[in-house]
Amino acid sequence: MQEKHIDLEKIRAAVKQKIEKAVPEANINYCLTCGLCASGCPATGLENMDPRKFLRLLVLGQDKEILETDWIYACTMCQRCRYACPMAIDVGRIVYEIRGMRPREERPKNLQRSCDLQRKNNSTGIPNEDFVWVVGDVLEEVRENEPQWKDLTAPIDKKGAEYYLNQNAKEPTVEPEEMVPLWKILHAAGIDWTYSSEWWDGANYCLFTGDPEDWEYTVRKQAEVVDSLGCRYYINTE
Amino acid sequence: MNDKAKNQKDWEPKIIAFLCNWCSYAGADLAGVSRYQYPPSLRIVRVPCSGRVSANMILDALRSGADGVLVSGCHPGDCHYISGNYYARRRFAVLKNFLEFIGIEPGRVNFSWISASEGEQFAEVAKEVTSRVKKLGPARHLVKEF
Amino acid sequence: MFYATLEGLRRFKIPHKFEFVSIISLYAQWIREGRLNVDSSWNSDGLKFTVQDPCKLVRQGLGDAVAEDLRYVIKKVAGEENFIDVWPRLSNNYCCGGGGGALQAGFVENRRKYGKLKFDQLAATGADVVITPCHNCHTQVLDICDFYGGKWKTTHLWNWLEKALIIDGSAGRAGKD
Amino acid sequence: MSTPKGSVLIVGGGIAGVQAALDLADSGFYVHLVEKSSAIGGSMSQLDKTFPTNDCSACILSPKLVECGRHLNINLLTLSEVLSIEGEPGSFRVKVRENPRYVDVDKCIACGSCAEKCPKKVPNEFDLGLGKRKAIYLRYPQAVPLKYAIDPEHCIYLKKPGRCGFCEKVCPADAINFKDTAREHDLHVGSVILALGFRPFDPSRLDFTGYGQFKNVVTSMEFERLLSPSGPCLGHMERPSDHQEPRKIAWLQCIGSRDINKACHGYCSSVCCMYAIKQAVIAKEHSESGDVDATIFFMDMRTHGKGFEAYYNRARDEGIDFKRARVHTILPAANDNLKVRFAGEDGKIAEDEFDLVVLSVGLETDPQVMRLAHELGIELDSDSFAATSCFRPVETSRKGIFVCGALAEPKDIPQSVMEASAAALEAERILHPARWTETRKKEFPPERDVHAEPPRIGVFVCSCGINIASVVDVQAVTDYAWTLPGVVFAQNNLFTCSQDTINQMAEIIKRERLNRVVVASCTPRTHEPLFQETLREAGINKFLFEMANIRDQDSWVHQDEPDAATLKAKDLVRMAVAKVRGDEPLPYNSVPVTKSALVIGAGVAGLTAALSLADQGFPVTLVERKDRLGGHARKFFRTWQGQEVQSYLQELAGMVEANANIDVHLGTTVEDVSGSVGQFRTMLSDGTEVKHGAAIVAVGAESFKPRQGRWNYLYGKNPNVHTLLELDQRFIKDDPGLKGLNQAVFIHCVGSRVPERPYCSRVCCTHAIDQAIHLKEMNPDMDIFMLYRDIRTYGKREHLYQKARSLGIVFIRYDLDNLPRVSETSGRLVVEVKDPIIDAEVTLHPDLLILASAVRPRDDVGELSKLFKCAMTSDGFLLEAHMKLRPVDFATDGVYLAGLCHYPKPVEETIAQAKAAASRAGLVLSRDAVPAESITAVVNAQKCTGCSVCTKVCAYHAVNMDANSQKAVVDTGLCKGCGACVAGCRSDAITLKNLGNEQIMAAVEAAMEDF
Amino acid sequence: MPTKNESITQELRQKARHLLESGQVAAFLGYTSGSVPMVMKPFVARKPEDAERLEWNSFCVLNLANYLPPLLRSFEPPRRPNDPPPEGPLPKVGVAATGCWSRNMVVQVQENQMERERVVIIGISSRGMVDRKKVLNAVNHAEITSVKEEDNSLLVKGPGLEEEINRWDVIRDNCQTCVHPDPVIFDEMIGQLQGDRDIQDRFRQVEEIENLSAQDRWQWFTSEIDSCIRCYACRNACPLCYCPTCFVDDSRPQWVGKSREPVDTAIFHILRAYHCAGRCTDCGSCESACPMGIRMRILTKKLQKDVLDLYGTEAGMSIQQPLPLSTYKMDDPQDFVLTESFKGEKK
């Protein structure tokens, strides 16, 4: 293997500085290079990278390598490294920032598309009416086929319900019957709850693309909907 | 003495134990404090340091009729007098080989390191030395009949 | 995504009147309060359960408390003796490898290599069922189970909760049969 | 201040507290030693061995504890807590609560019958819960006081009066007192020393360590107990899950240290690297199978103390696997084993499995101690250690209250002992006008001359309640004693050591005109001093005494063989009688003291030591070979805490010059030394003869200048290459040339930790990092690279390392087989080094290259050490009497050392050590005469061949060849009575008083007599 | 052509004469022949002309080092025990020395029995000395009236006897197994240094006994010393036995009885040998001096072997090298210590 050479007349760690500005608690400089992160990280070795090496490249100003590596998508930003890191360095957060530094068009297409769709309404892009229809249809079927659940409900936009339930878009689009157990549980527990017909999808891939604006926008929209319904608690399927 | 011992089924040997005051004697005390039982064969002579024990003293014990001899000191490095046990170690290494060379049975003359905190080890050593000497029977060589 | 909302509200200081809570904690609370009646007698075959702690819910979200709630619910539903825990666990559990958008990002080989630790960990429990209370985890654990030849069934919690619900004093009647 | 009180309160009975207590009590102050548990000894008593000498911890500690326990001027308050302290230096009012022991310490004979009968088993906190003890218990076998205590939390009787009470029934000494209550003491003292120690970090906070989840994950303190012969597995080293000997053990470093995340401890605990190596070495040695695989996972190996690096190197040679890696999580494996997954420096993942994992836990302050500090108004720092400053290393924020040991910062035993002596010194400095005002002294009647008398031997046979009498037929032994030659009196006593029997014994000695006494009872180790004192009270010389150990070494170890034990008891009595017959009265040797000191070297250590003594009124001769005061420190910029050294040094030198008690000799060296402790005579090169009672050697060290060879790095060739001290010079001068620099590179370990100088210079990491910070603060845009092997910013200095990193200073690690390469291109420096993390060759272009070069011993130290008969290490530093417990004493009495001539150390440690040396010298100077050993060697010149074996084997240089007669002569002031010379002499020309060959032969021959 | 020993004799006389004539030495210690064949007498030449009586051959079996300290003392002015040493340089003595003798002198210097500066050592690399008993055995104890020595043979004559004996066959055991024939300290040499000899089985005699059972070893030992008459000739011939009161003569303490009881004889031999441990240079004087033919050298050889095995040192190799029983190393072998061997044994 070709030996790597770095000439450091001056460290120009622009990426690091940018992150430090955005996330003062990122603690990048604190790294002891002890490697505890790398020992615990399932992504160690992927893309010939590991969290310690990643931080080291940042510190030594190897910005090109940092910006180019796809390791930022191998890292799931799970923060298990931060959990035990003696310096509490948040590699997940740093990766998030760097994901955001990628031009949109160079980001993984599906990921970006999910977020873009979410910005519009939900991550799958199905029309809101379809969601409402699917819920009604599935509910109808249960009530008909399962006599003990003939009273089951799945309210949508019910003002003043105590609980607002945010539905991951996967079920209504791919496996609608998977919505039913939760309805039954809520019913059995005697919970007064509702879905909303807008901003009902809890998936939110904007968390992963690296653009805080998208993320903020979607959460803000959801919050507005829940508050407008006047629900006391906001839950989702997790 | 030999015949007498043969007749005695439960012959208990007499073993002279030269113990240094600071480690092994304290270890022997600790064996007592912890109630580790061992055979009543030892006759302990307290000396300041294993470095105080000379070849002459060991031979004198044998000459006086001891069935065995034990010399015990601090572990190397722990000597209360800095280096006494290091000198002792050399003296004893040479002496033990030499006595065995002229036919004193291995097991008759014994050496150990026992620290003040090794009560159990002291009892173990006492047992081991006694059992070795018992196997050899009463001492015959170098015993002066008075 | 639980964390997207939890952290989004926090980080962007989004004003809201509601309280954001986890359904997992609520399950546990409702069972403790007797609001939900569950019984593990349905599990007469002794199906063994284990669990995946979603990073976003546990480590980054509500911490060990919610992970303990999760176990509480599973034990109530499947029987105390039928739960086998993993190690590392709770807040220190491995990410499944599907998080952080990995399922959408497309680096499938990386994602599966990443998931090998998770696969080995789950497989080591010998459990028949892996509860994945997060959609990402669910999809990823399904995938690595399939890819690496696992034998377990990957499910959400609600399916079993439904099975264990006691309505009118009898267990298992809540489900479709 | 009016006349101060002559007493001192010491809080905490660990090694630091004990050392401070002994120093003070032996130099004229009354000490109250408050300890919260039932026995003194602290954490050190829990350790198995100590590094780097592998000394048995209990063995070296025990004599100090016993001394403390018996000291006439130390009031031991166990089970006690300080409630409040009011007042000011010289006069503090202290409230102490002494909790009930429920056992009368005057009656308890520590026979253990109570604990044997006690039905309540509880986890033994001394073994950290790994073993069990009873509700009535001895904290540990060598506990001082050696008295049982009842744990009220678990005692059945105390919980439900009327039930149980077995201990009371079985106690032969009637010592149980269930009605015991807490007592409050009001003490009036002049000063206070806090020596509250530390507690080990509790790793259950760190779930990823698996501690508390997996049985075979233990803390290092628990492992000490597993190794210890007095521990729960009697030294067999068993792992908790199955009591099998572990074959493969891993140590995980920095658990609870250098961790600002979950552990919240940003500091380094200083001792863990060494204790982990020690444990690995001992585990290997301990193992009965002989094959233990030991792996230590670490980030920086911190072996920065004296002898540590050599210990590390040896451990590596012995096959201990040092892995520069950290484990994220400990995982369970089959058979209760543990699996770890770790990334090497190259990022490659490896896995391994171990039978046992030891967590090298750090040191932290106990929250109870934090509360106490708060109540006493003692400021703690951000790490919750007592706040001190570099120039005042043992002073707390409250005047007159001092601190020592791990309470001020995590530290090892010798450093704690040094600080203990230093704290004692500070107390003495305040209280010296009241010296000897509150102490007590024992008076004895004149002794009868027994020389001409034939032996009249009295034998006292002790029943020790039933401890002896239940096994040995004590009456038969007493009757037998009557028949022995020379015996004119024999008697059996229930408790020979009880006060009434003691009084009676004195009467009998007088009445029967006894001139030799034998007591057949427990052990001389605890009771000989008591009986010897009785002899003195009865007017005979205390050396006319022998003990026969018929309890610890007879009745207790032959419980099922009463006949044999009785026979043995008779033998032992006969042996003692044979021996005592030959005993002669011995002199109570002492040497009159010249109450002045010689201090050699006028650097920070010498200046501090001189002032410390002069302030107490002792005249000091201060000798300095250079023509000005200040020594090495004249080159220092600032301490790691940021205090400027030069202004401090000027102040210090000023005080010395102004002190009428200090006679300064500049440009002077020591030419010749004669005499011994109390009575030295030293010739100086200026022709002065100095008479002094004690000497402190503080001759410093030098900085290594790599003018050529492997560590040259263009030093002396390129003007921009400096040593640390040279850069300090530029800082001191505020050199404008240091502004506007673009890049600086520091190379660590230049000439340290290399084959020709295998020790770590201890100070350079901290010094270099502090300089880098200073440069960076001057030039925020500058890039600074630190090329290091291990960063060794031990203790609170770790914060400096963290600060440096936070400022963006970059640390690159190198190895000895991959050294940085320095060259120049048209005058411009080029440094090439490999970064092991990204596996890349990094080329740097510094404007400044700083070499953190070694601290090396001065070449002339050897000659000085010979003059004072002191030893040197193979590295060329001076060697103290004991690495652990006598860190400022030389083996030669009356000579002490401080500062860099002992080992490289920062200024705060130098100051502490200098004060410690002054405190130790004060032990001599504060008295009119110093006691000397009575049982000394003596030469028979007729038999002496002058072969000099005796002089060679004497560790104390007490035997020398007389220049005229060419025969050996013994200096009784130096002789310790070990007898190495006696055993070495082929001509029987040298013997030991009362332990001569004839006497030993008499005992041996007596043992063999048939009767 | 003269034999080697004849040449040495010539050169020795020359050097001794020169030393005496020039006043460099007050006396020269060497050998001269006596009236009995094969028995040489130590001889002190005090005048230059005495040098002609010096002789060197293969029968110089007693170690001259034994006579040096008293000879040196004889040149010191008389003084009481505590008088200061005389001022100014004291007269010197010249001496011939082979390897083992010179090593003995080293030990004497180390043990303050003499000062190196006061002896002028004429070194002679040893070709081995003859064991008179072996010669007698070779001729079946026939009467011998003369022995003429060639370089490699002895011509033995007596009434009805004329036999040529191979010299090496009758060389003493200690010389046959000697590895250091060269003097280690000397001021002048006669002839060349021959270098260390490569003897594979130098400890063969010892090893043979080591391989016996304990019982047989005791058997050997007791029978070996059985004939001892406690005449102490061995002790008296030994340059290292210089105690004013030997332990065998001491009554306080009395380590050993003065009788000829076997136990006391045994203890005498054990302690005598043990006192030489690390000091004995295997010069063979003891054996040569013994009227009863006791091979007590085997005892000291055993000690020599063990000291070499354990500590890697041999007595008298240099003045700077400490005597092995007056020094130590931290990591000296200690397998013999019970508690150390426990470690290895268990499991």
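I count two residues as in contact when their C-beta atoms, placed from the backbone, lie within 7 Å. I also keep in mind that this is a predicted model.

**Entry 1: chains C and D**

I began with a modest question: how many residues do chains D and C each bring to their contact? I found 5 residues from chain D and 4 residues from chain C. On the chain D side, I sorted them into 3 nonpolar, 1 polar and 1 charged.

**Entry 2: chains A and C**

Next I asked which of the 6 touching pairs of chains has the most contacts. The answer is chains A and C. Here chain A supplies 51 residues and chain C supplies 55 residues.

I then looked up which parts of chain A face chain C. The elements giving two or more residues are α5 (71-74), α6 (80-84), α8 (109-120), α11 (180-188), α12 (206-209), α13 (212-229) and β4 (233-236) of chain A. With 8 residues, α13(A) gives the largest share of that side. By class, I noted 29 nonpolar, 12 polar and 10 charged residues on the chain A side.

One of those elements deserved a second visit. I saw that β4(A) runs parallel to strand β1 (residues 19-20) of chain C, and that 2 bridges join them. If you want a spot to click on, Y234(A) has F20(C) as its bridge partner in β1(C).

While I was in chain A, I checked its division into domains. Domain 1 covers 14-102 and domain 2 covers 111-236. Their C-alpha centres are 35 Å apart.

**Entry 3: where chain C has no contact**

I also wanted to know which chains do not touch chain C. Chain B has no contact with chain C, and the closest C-alpha atoms of the two lie 40 Å apart. Chain E has no contact with chain C either, with 35 Å between their closest C-alpha atoms.

**Entry 4: the sheet in chain B**

Turning to chain B, I found an open sheet of 4 strands in the order β2-β1-β3-β4, with parallel pairing. At its edges are β2 (42-47) and β4 (109-113) of chain B, each pairing on one side only. From one strand to the next, the twist averages 20°.

Inside the sheet, I followed strand β1 (residues 15-20) of chain B to strand β3 (residues 68-73) of chain B, and 5 bridges join this parallel pair. One residue to try is L19(B), whose bridge partner in β3(B) is S72(B). Helix α3(B) packs on the sheet and touches β1, β3 and β4 of chain B, with its direction at about 150° to that of β3(B).

**Entry 5: α3(B) meets chain E**

How does helix α3 (residues 55-63) of chain B pack with helix α9 (residues 262-275) of chain E, and at what angle? The angle is about 165°, and the axes are 11 Å apart. Angles over 145 degrees count as roughly antiparallel, so α3(B) is roughly antiparallel to α9(E). The crossing is right-handed.

On the chain B side I listed A55(B), N56(B), L59(B) and R63(B); they meet V263(E), I267(E), I270(E), L271(E) and Y274(E). Together these make 7 nonpolar, 1 polar and 1 charged residues.

**Entry 6: two helices in chain D**

I finished within chain D, at helix α18 (residues 724-732) and helix α19 (residues 764-778), whose axes come within 11 Å and cross at roughly 35°. This crossing is left-handed. From α18(D), the residues L724(D), L727(D) and F731(D) meet C764(D), H767(D), A768(D), Q771(D) and H774(D) of α19(D). I counted 5 nonpolar and 3 polar residues in this contact, and no charged ones.

Key
Residues are numbered from 1 along each chain as its sequence is written. Chains are lettered from A and ligands numbered from 1 in the order in which they are written. This is a predicted model: local features need pLDDT of at least 70, side-chain atom pairs count only at pLDDT 80 or more; totals for chains, interfaces and linings use all residues. Ala, Val, Leu, Ile, Met, Phe, Trp, Tyr, Cys and Pro count as nonpolar, Asp, Glu, Lys and Arg as charged, and the others, Gly among them, as polar. Two strands pair if DSSP finds at least two bridges between them. Axes are lines fitted to C-alpha atoms, for helices over the stretch in contact, and angles run from 0 to 180 degrees between N-to-C directions. Angles under 35 degrees count as roughly parallel, over 145 as roughly antiparallel, 65 to 115 as roughly perpendicular and the rest as oblique. A crossing is left-handed if the near helix is turned anticlockwise from the far one by less than a right angle, and right-handed if clockwise. Domain bounds come from an automatic or database domain assignment.
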